[in-house]
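Reader: I would like to learn how to read a protein–DNA model, one feature at a time. Please give the general idea before each case.

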Number of protein chains: 2
Amino acid sequence: MKEELDVFHRHLAKERLKRTSQRDLILEVFLETEDHVSVEELYDMVKRRDTTVGFTTVYRTMRLLVEARLAREVNFNDGRTRYEHEYKHDHHDHLICTECDALIEFVSPEIERLQEEIAQKFGFVITDHSHRIFGVCNGHYTKTGELPPYCRKRQNGDLPPAS
Amino acid sequence: MKEELDVFHRHLAKERLKRTSQRDLILEVFLETEDHVSVEELYDMVKRRDTTVGFTTVYRTMRLLVEARLAREVNFNDGRTRYEHEYKHDHHDHLICTECDALIEFVSPEIERLQEEIAQKFGFVITDHSHRIFGVCNGHYTKTGELPPYCRKRQNGDLPPAS
DNA sequence: TTGATTGCAAAGCATTTGCATGCTA
DNA sequence: TAGCATGCAAATGCTTTGCAATCAA
């Protein structure tokens, strides 16, 4: 927590921006959740600690956190941008259950390597990527209906079909 | 062209929906472009042939084409949904240049296989996936500034950074 | 005939912007 | 003090919906 705050403040200083209580609070609340929060969800959480913080400020602060490489935008096709921790979190991709709010993070060095190969073949320099696998999780096709333990719940239950 | 029209009409019949001149025209125009068109772009193209067709009808027809598996939604983070041909077009993913409108389609059976492995490991049944690699294409870091020939132009030049 | 389709206008949503006020450096 | 930040309201941009008129089956 301490470390991320330092990173943020250094970023603000570098950009000649100002440290404010709102910005600090939003970062603090963001760091406390391991969920993939939307601005609205984060706003609700922030509001519980300080009712005066505005919606717009959360939007603007999330942009700053992305610039400071503390947050990373993700999109699960539910119509809103979500954010996950980026600082000292290895890159990963997502398995997304379209039947429930199950979400699994996965890492595949082999896929990353193949990506590089492909990019190289076409003369591309990769800056970023987004690999989303949509499907149906265990709990939704097995008879028990139980969610596998590694299926962490998402915040919003309703995902439209994949794009 | 003929074949896709048949597929469409069969889909309409199956769903007890009606064949209309607007729907036929929109499909026809969609099939004529190899671009990843947005609804707005498609609407403009349709308008040139029939000025009476409405915006809403294009939206609604694209939904039908997706249901009929003639079109596939894609999203390049430019704030609008785009569509590409799906009928008899093998699945592929995209390399997207964030500096220009270059777009490269790629296929990687190895990545597809690894995806399956990962999904299986987590008890997922894959229904769909979206793998987008954002980066800078050849023409934007080589001295010549020339676009490689396989960089097909997109319609809109301004892509925001990757999500 | 009957119910689906159309096109317009209006509504919905997530996100951004304008601006007067407030606060950091 | 200078100018960045804030929060509200209004605007934006894409997409959907309500509805009366129209049209396919």
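Reader: Which polar backbone atom is 2.9 Å from a phosphate oxygen of DNA strand D?

Author: A polar contact is a pair of N or O atoms within 3.5 Å; within protein, one must be able to donate a hydrogen and the other to accept it, and residues adjacent in sequence count only if both atoms are side-chain atoms. Here the backbone atom belongs to Thr81(B), at 2.9 Å from a phosphate oxygen of DNA strand D. This is a predicted model, in which local features need pLDDT of at least 70 and side-chain atom pairs count only at pLDDT 80 or more, while totals for chains, interfaces and linings use all residues. Residues are numbered from 1 along each chain as its sequence is written, chains are lettered from A and ligands numbered from 1 in the order in which they are written, and side-chain values use heavy atoms, with hydrogens and water left out.

Reader: Which other atoms approach DNA strand D?

Author: A polar side-chain atom of Arg23(A) lies 2.6 Å from a phosphate oxygen of strand D. From the other chain, a backbone N or O atom of Arg19(B) is 3.3 Å from a sugar or linking oxygen of that strand.

Reader: How many residues surround DNA strand D?

Author: A residue is near a strand if one of its heavy atoms lies within 4 Å of it. For DNA strand D there are 20, the closest being Thr20(A), Arg23(A), Thr57(A), Arg60(A) and Tyr59(B). On the DNA side, 64% of the strand D atoms that come within 4 Å of the protein are in sugar and phosphate.

Reader: Which element gives the most to the surface near DNA strand D?

Author: Helices (H or I, at least four residues) and strands (E, at least two) are DSSP runs, numbered from the N terminus. By that scheme α4(B) gives the most to this surface, with four residues.

Reader: How do the residues of that surface divide by class?

Author: Ala, Val, Leu, Ile, Met, Phe, Trp, Tyr, Cys and Pro count as nonpolar, Asp, Glu, Lys and Arg as charged, and the others, Gly among them, as polar. Near DNA strand D the division is four nonpolar, nine polar and seven charged.

Reader: What surrounds DNA strand C?

Author: Strand C also has 20 residues around it, and the closest are Tyr59(A), Thr20(B), Arg23(B), Thr57(B) and Arg60(B). Of the strand C atoms within 4 Å of the protein, 66% belong to sugar or phosphate and the rest to bases. Phosphate oxygens of this strand lie 2.4 Å from a polar side-chain atom of Arg23(B), 3.1 Å from a backbone N or O atom of Gly54(B) and 3.2 Å from a backbone N or O atom of Arg19(A). The elements giving two or more residues to this surface are α4 (55–67) of chain A together with α2 (21–32) and α4 (55–67) of chain B. α4(A) gives the most, with four residues.

Reader: What rotation superposes chain A on chain B?

Author: Copies are superposed by least squares on the C-alpha atoms of residues with pLDDT of at least 70 in both. The rotation is 180 degrees, with 0.0 Å of shift along its axis and an RMSD of 0.1 Å. That is the relation of a two-fold axis. In chain A, the C-alpha nearest the axis is that of His131(A), at 2.1 Å.

Reader: How many residues does the contact take from each chain?

Author: Contact means heavy atoms within 4.5 Å. Chain A contributes 36 residues and chain B 36 residues. Since 100% of the interface residues of chain A are also interface residues in chain B, the copies meet through the same surface.

Reader: How many salt bridges are there between chain A and chain B?

Author: A salt bridge is a side-chain nitrogen of Lys or Arg within 4 Å of a carboxyl oxygen of Asp or Glu. Between chain A and chain B the count is zero, while 12 residue pairs are in polar contact, both residues at pLDDT 80 or more. β6(A) gives the most to the side of chain A that touches chain B, with 12 residues. The residues of that side divide into 20 nonpolar, 11 polar and five charged.
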